Structures are given as structure tokens and as C-alpha cells.
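Me: I should be grateful for a close look at one part of this structure. Please treat the packing of the helices in chain A, and the way in which that chain meets its partner.

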Amino acid sequence: MAPGDERTSLPAYAERLAWLEAQDAVPPQEARVRRLAVRFWAALWPKVLAIAIVLAVWEVIHASGWKKLIFPGPGGTLANLWDQLRTGLLWHAIGTTAERAVIGFGLAVLIGAVIGGLVSRIAPLRAAVGSLITGLQTMPSIAWFPFAIILFGITTTAILFVIVMGAAPSIANGLIAGVDYTPPLLLRAGKMMGLRGLSLYRYLILPASLPAFVAGLRQGWAFAWRSLMAGELLVIIANQPSLGVLLSTDQDQADMQSATAIIIVILLLGILVHTLFSTADRSIRRRWGLAGTE
Amino acid sequence: MTVTDRAASVVGGSVQLTRVSKVFGRGGTAVRALDQISLEVPPGEFTCLIGASGCGKSTLLSLVAGLEQSTSGTVSVSGRVAIMFQEPALFPWLTAAGNVELALRARGIGRADRRPQAAELLDTVHLSGFGGKRPHELSGGMRQRVALARALAQDADVLLMDEPFGALDAMTRDLLHDELDRVRAGRQLTILFVTHNVREAVRLGDRVVVLSSRPGRVVDEFAVPIERPRRIDSAPVAELAAKITDRLREEMSHGAR
């Protein structure tokens with residue numbers, strides 16, 4: 001082949017280019033797995049490092065002999081946690097607590113959404129109870145316990161009541177804010193399209209308020225979880241092991257290792273649920289183009 | 001008062017304003033946005049409204065759209081009305097096709113027909129293949145195309161356009177002018193187009209109506225006898241635009257006095 005041929009024959013050039021690219025290309029499936037692994041590791045290592053530092057500092061304090069008789073080291077505590085995880089009691093307790101969390105938060109979502117929906121639609125109702133909802137939101141829910149215990153006795157209902165009182169106002173306010181901040185331009189566009197009444201709500205106002213509603217859910221969850229923990233420490237129901245009951249027993253028996261182990265469990269559960277909410281929040285933001293796609 | 005007569009949509013929509021005034025607020029702080037405006041847009045005509053900012057152009061469109069009520073005078077519109085704003089105002093939780101389909105749904109089109117019709121409308125604005133994209137994944141020009149497809153999905157006889165290409169770069173705006181010409185060619189569409197860009201008005205309109213500022217009044221109007229297809233940079237367009245600009249300047253210097 002003459003040297004000039006290479007330049008003039010375009011098809012041959014394109015073929016060669018395609019061949020070269022094929023050499024570089026990784027099968028798409030493999031590339032995806034690799035990308036996922038890289039992202040996973042990038043998210044993982046700072047956490048691993050942070051945990052290692054916390055454990056190290058903890059161990060140093062323990063080794064320094066500060067409150068030697070009562071302050072447990074990480075080794076003993078983690079061993080205690082491992083032992084408890086192998087017995088049925090801790091799992092039973094986690095089950096009870098999780099069940100209360102799900103039922104209480106579920107009720108709060110239901111009640112909060114109904115109240116938020118009504119208040120956002122009906123102006124006199126908003127004038128009447130709008131500031132009351134905000135007031136309830138700032139009220140420490142632990143203050144409700146005497147009221148709840150007198151009303152319902154030492155029962156699960158008392159705990160659920162306080163969870164709802166703690167979480168529902170945030171959820172209602174999230175929905176109200178979402179409805180209020182539906183962009184006026186979108187409302188005009190929707191009305192011109194012929195969306196009216198219920199369909200305006202269903203196809204425009206509710207989807208538009210989703211991000212604010214999810215923010216309300218997230219805040220509501222934080223309140224629900226705090227109310228639940230306070231409730232389980234205050235309302236101790238016999239023969240119903242919960243995380244609160246285990247903590248309370250540890251306090252009575254001055255079992256610091258076990259108490260610390262339970263605190264770690266509570267912390268991990270909190271992080272787990274927070275991650276679920278963050279994922280939901282992020283996926284909405286990504287769909288709407290409110291956040292850069294990483 | 002706004003009179004809307006949907007039965008007349010068979011012959012194409014029209015707009016008629018008779019001595020329409022709009023005052024915002026009351027007493028000493030009242031602002032007269034529009035003063036005794038009379039304007040008629042016959043079926044199928046492309047009318048451009050031009051004026052400096054504050055001349056009440058957007059208010060006028062809102063009155064025609066029925067989004068606001070006039071203080072006095074009569075606004076009568078025959079046929080369905082759709083509106084396009086400077087921002088595309090697409091719903092961010094829906095895809096491009098979803099946005100168009102929602103307009104079809106609001107019109108009562110059945111589920112089975114919505115998808116093919118939306119695809120056809122997106123094809124009309126040269127966006128076939130982009131139906132699955134969300135608004136934030138599209139460029140500014142593409143978003144305005146989706147907004148145009150959505151307006152067409154409303155099967156409007158009267159299309160109100162409130163500086164719809166004002167936020168786009170010159171190249172994209174040029175393309176969308178061609179697009180609008182093409183879309184209009186196949187339909188009996190009456191358009192009322194608000195802009196402050198004189199050349200754009202001459203490039204697009206059959207007629208250019210000049211409004212004064214504060215309060216808005218019709219001060220002059222120009223027929224655009226230039227043959228289509230037009231180009232925004234052609235000599236006849238530039239010539240007429242210069243004439244209108246002179247008139248507009250004269251009007252603004254009155255206002256400043």
C-alpha cells in the first residue's frame with residue numbers, strides 16, 4: 001500500500017478507528033460494576049476511618065484509667081453487643097421498638113397529611129390553627145407524657161400518642177409549605193391548561209409540594225424517634241422488652257457495658273432510617289434537576 | 001368583563017378588546033396599567049404587541065387569558081386560549097412527553113390516545129426522541145419547544161405568547177422563529193405575541209401594534225407586508241424595524257418628559 005492511500009481512503013480510516021476504539025472499550029456491564037465499586041469505596045473509606053478514630057480515642061480514654069471501674073472500653077462493649085445480638089432478647093426488643101416506630105410514625109404521617117391538606121386548602125382553618133401547628137412543632141414532646149399517662153395509663157397507646165403529637169405537626173407543616181410554595185407560574189400554566197379543583201391538586205399542587213413534604217417527613221421522623229425513646233424510658237410496660245426497657249434495666253443494674261451497647265444499637269437504627277430518607281430526598285432532587293447528578 | 005365563546009372555535013379564534021382599562025391598587029397608590037385600549041385580532045392573524053417595559057403588555061395578555069379581570073371595558077375571546085411565558089413553566093416532575101400528555105389529559109383525551117398524540121406533537125417541534133427527558137435535561141431552546149408542543153396540545157385557537165423567546169440566545173431564537181412559522185402554516189392559529197424586540201416583531205407578525213408606557217395605550221400600528229419566509233436580518237425587516245423603533249423612541253421621549 002502506498003503511503004498516500006492511508007490518507008485518501010476514508011472508509012479504511014474509519015474502520016481502523018473503530019478497531020482502535022474496540023481495543024479500549026470495556027464491556028458495558030463490567031464498566032458499570034467497576035464504576036459502582038469505585039463509588040462504593042469512595043463513600044465507604046471515610047466512614048471506616050471515622051469509626052476507627054472514634055474507637056481509638058475511646059480506647060485511649062479507657063486505657064488512661066479514667067473512671068476505671070465503670071467506664072467500659074470498646075473491646076468489652078463490642079463483645080457485650082455481640083453476645084446480646086446472639087440472644088433473642090435484644091432482637092425481641094428491637095422488634096418491639098421498631099413496631100412502635102412504624103405504627104407511631106405511620107399514624108403521624110396519616111394525621112399530619114390530612115391536617116396539612118385541610119389547613120392548606122381552607123383559609124379560615126389556617127387562620128384558626130396555622131400558628132397552633134407551628135407552636136406544637138416547637139413543643140418538646142416529652143412534656144406530653146404526664147398527660148398521656150394519665151389519659152391512657154402505662155400502655156403502648158400512651159407512647160404512640162406522644163409520637164403522633166411530636167411528629168404530626170412537622171409533617172403537616174411540610175405539606176402546607178409545599179402547597180404554599182407551588183410556583184405561581186406553574187399554577188398559571190396549569191390553570192390555562194384547564195386543570196381545576198381536584199385535578200389541579202392531583203396533577204399540579206401535590207407533586208409540586210413533594211420535596212417540602214419529604215423534608216417534613218424527615219423532620220417528623222426525627223421527632224418521632226426521640227419521642228419514642230423518651231416514651232420507652234418513661235412508660236415501662238411489664239413483659240414487653242423494648243430498647244428503652246433494656247436501657248432502663250441496665251441503668252438499674254449499673255451495667256455500663258450493656259447500656260453502651262444498646263446506645264450503639266439505637267444510633268445505628270437512627271442512621272439507617274436517616275439514610276433511607278436521604279436516598280428518597282436525593283432521588284427526587286435528581287429527577288427534578290434540583291441537584292447536580294454527582 | 002371577559003366573554004368567552006368556545007362554540008366559535010370552528011372558524012378560528014379571535015380577540016377583541018374594547019376600551020379596556022386595568023388599574024392596580026386603590027386611591028393614591030393606584031397604578032393605571034392599561035388605559036382605554038381597543039384592539040382587535042381577527043382569526044388567523046399574527047399580531048405583535050411592542051412597547052417599552054412597564055407598558056402593560058403582560059397585563060394585557062393576562063386579561064385575554066382570563067387570569068386577571070379588567071377594571072373596565074370588555075375583553076371578548078372566541079375559541080380556546082393557550083399561553084406561553086418567557087420561562088417554559090414545564091412541570092419538573094414530568095418528562096417532556098409527560099408534560100404534553102398532561103395538557104391532553106386536561107382536555108379530556110383518553111389514555112390510549114395521549115401517548116401517540118404527544119409523540120406527534122413533540123415531532124412537530126422537532127423533539128422526537130426527547131420525550132423521555134426531564135425538563136432539566138433539555139437546553140433552554142428545547143424546553144421552549146416542549147412548551148410550544150404543550151400549548152399546541154391544548155388545541156388552542158388563540159395562542160398568547162409573552163416574550164417566549166426573550167431568554168434565548170440569538171441563534172436559538174432564530175430557529176424557534178422558523179419553527180413557529182412552520183407550526184402555524186398547518187393550522188388556523190390566531191397569535192398575540194408580546195415582545196420588546198422590534199425586529200422579532202417584524203420578523204414574525206402580520207401586524208405590529210405599538211403601546212405607550214404608563215399607562216399603556218395603543219399609539220400606532222404597522223402592517224407588515226413582507227413576504228414569508230422572512231429572515232430577521234433581511235433588508236426589508238431591518239427597514240421596517242427601524243421605522244417602528246423611531247416611533248417607539250418618539251413615544252418614550254414623550255413619556256420621559
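Reply: The account below begins with chain A as a whole, then takes up its helix pairs, its contact with chain B and the nonpolar cores.

The model is a predicted one. Chain A contains 13 helices and 0 strands, and its elements, read from the N terminus on, are accordingly written as an unbroken run of α. Of the 294 residues in chain A, 28% are buried. When contacts in chain A between residues at least 6 apart in sequence are considered, 75% of them join residues at least 24 apart.

One pair to examine consists of helix 6 (residues 123-138) and helix 8 of chain A. Their axes come within 8 Å and cross at roughly 135°. Because of that angle, helix 6 of chain A is oblique to helix 8 of chain A. The crossing of these two helices is left-handed. On the side of helix 6 of chain A, the residues that take part are I133(A), T134(A), L136(A) and Q137(A). They meet M165(A), P169(A), S170(A), A172(A) and N173(A) in helix 8 of chain A. In character, the residues of this contact divide into 5 nonpolar, 4 polar and no charged.

A second pair is formed by helix 9 and helix 10 of chain A. These helices pack at an angle of about 165°, and their axes are 11 Å apart. Angles over 145 degrees count as roughly antiparallel, so helix 9 of chain A is roughly antiparallel to helix 10 of chain A. The crossing of helix 9 of chain A and helix 10 of chain A is right-handed. Helix 9 of chain A brings L186(A), L187(A) and G190(A) to the contact, while helix 10 of chain A brings L200(A), L204(A) and A208(A). The residues of this contact comprise 5 nonpolar, 1 polar and no charged.

Helices 9 and 10 of chain A also have a part in the meeting of the two chains. The contact between the chains takes 15 residues from chain A and 19 residues from chain B. On the side of chain A, the elements that give two or more residues are helix 9 (184-193), helix 10 (197-208) and helix 13 (256-288). Helix 9 of chain A gives the most to this side, with 7 residues. The residues on the side of chain A that touches chain B divide into 10 nonpolar, 2 polar and 3 charged.

The nonpolar cores complete the picture. In soluble globular proteins, nonpolar side chains tend to be buried together. Here the largest nonpolar core has 112 residues, and those with the most contacts inside it are V64(B) and V100(B). Helix 8 (residues 156-180) of chain A gives the most to this core, with 15 residues. Apart from this core lies another, of 11 residues, which include L81(A), V245(A), L247(A) and I262(A). As for V100(B), if residues up to four places away in sequence are not counted, its contacts are A118(B), L121(B), L122(B), V146(B), A149(B), R150(B) and A153(B).

A residue of chain B may serve as a contrast to burial. R19(B) is placed in strand 2 (residues 14-24) of chain B. With 12 C-beta neighbours inside 10 Å, R19(B) counts as exposed. Leaving aside residues up to four places away in sequence, R19(B) touches Q36(B), S38(B) and G73(B). R19(B) and V146(B) are 127 residues apart along the chain, and their C-alpha atoms are separated by 35 Å.

Technical notes. Residues numbered from 1 in each chain as written. Chains lettered and ligands numbered in written order. Predicted model: local features only at pLDDT ≥ 70, side-chain atom pairs only at ≥ 80, totals over all residues. Contact = placed C-beta atoms within 7 Å. Helix = DSSP H or I, 4+ residues; strand = E, 2+ residues; numbered from the N terminus. Nonpolar A, V, L, I, M, F, W, Y, C, P; charged D, E, K, R; others polar. Core = buried A, V, L, I, M, F, W, Y, C linked by C-beta atoms within 7 Å. Buried ≥ 20, exposed ≤ 12 C-beta atoms within 10 Å, placed from the backbone. Axes fitted to C-alpha atoms, helices over the stretch in contact; angles between N-to-C directions. Parallel < 35°, antiparallel > 145°, perpendicular 65-115°, else oblique. Left-handed = near helix turned anticlockwise from the far one by under 90°.
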